[in-house]
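Q: Please examine the model shown below. The questions that follow concern its cavities and one of its sheets.

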Amino acid sequence: MSVKNADTINITPFYHQDTGTWSYIVTDTVTQVCAIIDPVLDFDLPSGQAHYESAKALIEHVKQHQLKLEWILETHAHADHLTAAQYIKQTLGGKIVIGAGIKDVQQHFATSLNLDLPVDGSQFDILMHQGDTLALGESHFVAHPTPGHTDDSMSYEIAGNIFIGDTFFHPDLGTARCDFPGGSAEKLFDSLTFLTSFPENYNLWLCHDYPKDREAVARTTVAEQKNNVHFKQSGGNPIAYAELRNKRDSTLNVPRLIYPSLQVNIRAGNFPESESNGRKYLKLPFSVE
Ligand SMILES: [Fe+2]
């Protein structure tokens, strides 16, 4: 599936079945420059084995269409999958971009996982603030902070499209959880309200979909998300929404890949240093009740 917008922007979604994640390649068809959004690194938790099959599909698309990769955009530091941003940068070039709130996320997890790493965002090439822009040929991305799921959550708007990260899910499935460190149901409600303030025909591209008895959906619209089930259940009331969201979050399990994901993702896709035996390890916090 490939969708053309504003005549010169082409959007190709890629679905990662194992984690229900959407990655995107956004191309300016005049200049053939492109951006990759939220690329996934395949990871097998029991063996600790990562591989590049999904990243290679993105790379193949770029090569096949003879595109020049300018930007690798992260909508946030994901807790449910590992990013392939570093591998893609090393293979195709491009700059890795994330919201400036990543510094808070790094600070939190460097402390809670006792990691030795800079917490100034320096692993990334560009830290985005509200209203910052990135050129993509004749168009440009505009950064809109949409916190709530995480503190660093950033949506990227280009030519009538917004890549919304973990804010809205499919209208039938609701909205993103807010119980991670720095998460806030009140902030997410404000972010959702902000996203629905765009014209009704704007495309809102999802970061995830978890379909049970239908095909995975990448593209929704502002009009469709005004009928998002969590919006409807809360009657558009921020207090009712926060109550609903927090109650639901209290029932959710810790994501399967949260610890591997964060240790790689807050390093911009770099892996931990090798230990004295030449192997790399990922940490798991341990406690007993
Ligand atoms: Fe997320």
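Q: What makes the lining of the largest cavity mainly nonpolar by class?
A: In this predicted model, the lining of the largest cavity consists of A77, A79, V105, F109, T150, F180, P181 and L262. Ala, Val, Phe, Pro and Leu count as nonpolar, whereas Thr falls among the others and is polar. The division is therefore seven nonpolar, one polar and no charged residues.

Q: How do you know which residue of the second largest cavity's lining is the charged one?
A: That lining comprises W22, Y24, I37, D38, T75, F163, I164, G165, W205, L206 and C207. Asp counts as charged, so D38 is the charged residue. Gly and Thr count as polar, so G165 and T75 are the two polar residues. The other eight are nonpolar.

Q: Why are these spaces called cavities, and what are their volumes?
A: A cavity is a set of points where a 1.4 Å probe fits but cannot get out. The structure holds two of 30 Å³ or more: the largest has a volume of about 60 Å³, and the second largest about 30 Å³.

Q: Why are β14 and β15 said to pair?
A: Pairing requires at least two bridges. Strand β14 (residues 161-163) and strand β15 (residues 203-205) share three, in the parallel sense, and therefore meet the criterion. One bridge joins F163 to W205 in β15; F163 and W205 are also among the residues lining the second largest cavity.

Q: What makes β11 and β16 edge strands?
A: The open sheet has six strands in the order β11-β12-β13-β14-β15-β16, with mixed pairing. Strands β11 (133-136) and β16 (219-221) each pair on one side only. From one strand to the next, the twist averages 25 degrees.

Terms used: Residues numbered from 1 in each chain as written. Predicted model: local features only at pLDDT ≥ 70, side-chain atom pairs only at ≥ 80, totals over all residues. Heavy atoms only, no water. 1 Å grid on protein atoms, 1.4 Å probe; cavity = no way out; pocket = protein on both sides within 12 Å on 5 of 7 lines; lining within 4 Å. Points joined across faces, edges and corners; volume = space filled by probe spheres on them. Helix = DSSP H or I, 4+ residues; strand = E, 2+ residues; numbered from the N terminus. Axes fitted to C-alpha atoms, helices over the stretch in contact; angles between N-to-C directions.
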